[in-house]
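This report covers buried residues, nonpolar cores, pockets and cysteines, in that order.

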Amino acid sequence: MTATQKNAWFSLAVILVSLIAVGCLYPFIGWKANGALGLCGLLGFGPLFYRKRSSEVVMDERDLLIEKRAALIGYSVFWVVYVLLASFFAPMVFGKAGSIPVMVVQWSVFYALILFLGVKSLATLVQYTKG
Amino acid sequence: MAGKDRTELSNQIRRFRFENNEMTQQALATQVGVSRQTIIALESGKYSPSLILALKIAKSFNVRVEDIFQLVDES
């Protein structure tokens with residue numbers, strides 16, 4: 001397994017753990033459960049997979065190409081979802097003259113990160129499976 | 001209207017590996033500076049190398065690029 005694959009699996013695991021933590025805490029503390037998204041900070045350990053060990057090639061041109069394509073797919077999905085949410089969901093929930101709570105803005109940053117990285121990681125793993 | 005022409009790339013990397021003292025995929029990968037997974041993807045035709053990588057592979061076998069990589073028209 002390449003370093004890129006390991007990082008993709010790690011990202012998916014961290015995202016899953018974060019979402020499960022939010023889901024488990026929500027019945028008890030309500031929207032404050034979104035604080036569990038702070039577990040996404042573990043994603044900061046992802047670069048450790050790219051440590052160079054002896055003469056082993058950590059990342060080559062194929063890995064870079066796969067990463068680039070995956071990032072493009074992740075960003076495209078994020079943008080479509082973001083536009084849909086901002087254009088239709090927000091006015092429906094908060095009303096045309098309503099205001100968006102500050103916490104929603106804060107959470108949206110984490111959920112945007114989760115969406116982007118989740119899709120990117122999945123796209124990475126699918127591309128490696130296809131060869 | 002003509003059918004969709006697709007030009008694919010075939011290669012003889014596996015043959016040249018065996019002809020060069022049965023070089024392993026890892027040995028070739030280390031020689032040209034890529035991972036073994038990339039060599040596997042190249043040999044199975046699932047990945048087309050960059051020009052630099054193709055030249056490095058040809059140089060490692062001491063042959064021309066055209067001897068290793070060939071264009072295949074799929075009309």
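A:Thr124 is part of helix 3 of chain A in this predicted model. With a relative accessible area of 1%, A:Thr124 is buried. Its contacts, apart from neighbours within four places in sequence, are A:Thr4, A:Ala8, A:Ile66, A:Glu67 and A:Ala70.

One of those partners, A:Thr4, belongs to helix 1 of chain A. A:Thr4 counts as buried because its relative accessibility is 0%, the cut-off being under 20%. Neighbours within four places in sequence left aside, A:Thr4 contacts A:Tyr50, A:Met59, A:Asp63, A:Glu67, A:Thr124 and A:Tyr128. A:Glu67 thus appears in the contact list of A:Thr4 and in that of A:Thr124.

**Nonpolar cores**

In soluble globular proteins, nonpolar side chains tend to be buried together. The largest nonpolar core here consists of 18 residues, and B:Ile13, B:Ile57, B:Phe61 and B:Ile68 have the most contacts inside it. Helix 1 (13–19), helix 2, helix 3 and helix 4 (51–61) of chain B each give two or more residues to this core. Helix 4 of chain B supplies the largest share, five residues. Not counting residues up to four places away in sequence, B:Ile57 touches B:Ile13, B:Val32, B:Leu42, B:Ile68 and B:Phe69. Two of these partners, B:Ile13 and B:Ile68, are also listed with B:Ile57 among the core residues with the most contacts.

A second core, separate from the one above, has eleven residues, including A:Leu37, A:Cys40, A:Leu43 and A:Ile114.

**Pockets**

The largest pocket has a volume of about 640 Å³. It is lined by 19 residues, and those closest to its centre are A:Leu85, A:Phe89, A:Val104, A:Trp107 and A:Ser108. Two elements of chain A, helix 2 (61–94) and helix 3 (102–130), give two or more residues to the lining. Helix 2 of chain A contributes nine residues, the largest share. The lining of the largest pocket comprises 17 nonpolar residues, two polar residues and no charged ones.

The second largest pocket holds about 280 Å³ of space. Of its 18 lining residues, A:Glu56, A:Val57, A:Val58, B:Ser35 and B:Gln37 are the closest to the centre. Elements of both chains give two or more residues to this lining: helix 1 (3–29) of chain A, and helix 2 (25–32) and helix 3 (36–43) of chain B. By residue class, the lining of the second largest pocket divides into six nonpolar, six polar and six charged.

**Cysteines**

How many disulfides does the structure hold over all chains? The count is zero. A disulfide requires cysteine sulfur atoms within 2.5 Å. The sulfur of A:Cys24 has its closest cysteine sulfur in A:Cys40, 15 Å away, and is therefore too far for a bond. The table sets out the two residues.

| Residue | Closest cysteine sulfur | Distance | Relative accessible area | State |
|---|---|---|---|---|
| A:Cys24 | A:Cys40 | 15 Å | 47% | partly exposed |
| A:Cys40 | A:Cys24 | 15 Å | 5% | buried |

A:Cys40, buried at a relative accessible area of 5%, is one of the residues of the second core. A:Cys24, in turn, is partly exposed at 47%.

Notes. Residues numbered from 1 in each chain as written. Chains lettered and ligands numbered in written order. Predicted model: local features only at pLDDT ≥ 70, side-chain atom pairs only at ≥ 80, totals over all residues. Heavy atoms only, no water. 1 Å grid on protein atoms, 1.4 Å probe; cavity = no way out; pocket = protein on both sides within 12 Å on 5 of 7 lines; lining within 4 Å. Points joined across faces, edges and corners; volume = space filled by probe spheres on them. Helix = DSSP H or I, 4+ residues; strand = E, 2+ residues; numbered from the N terminus. Nonpolar A, V, L, I, M, F, W, Y, C, P; charged D, E, K, R; others polar. Core = buried A, V, L, I, M, F, W, Y, C linked by side-chain atoms within 4.5 Å. Buried < 20%, exposed > 50% of the residue type's maximum accessible area, 1.4 Å probe, protein only. Contact = heavy atoms within 4.5 Å.
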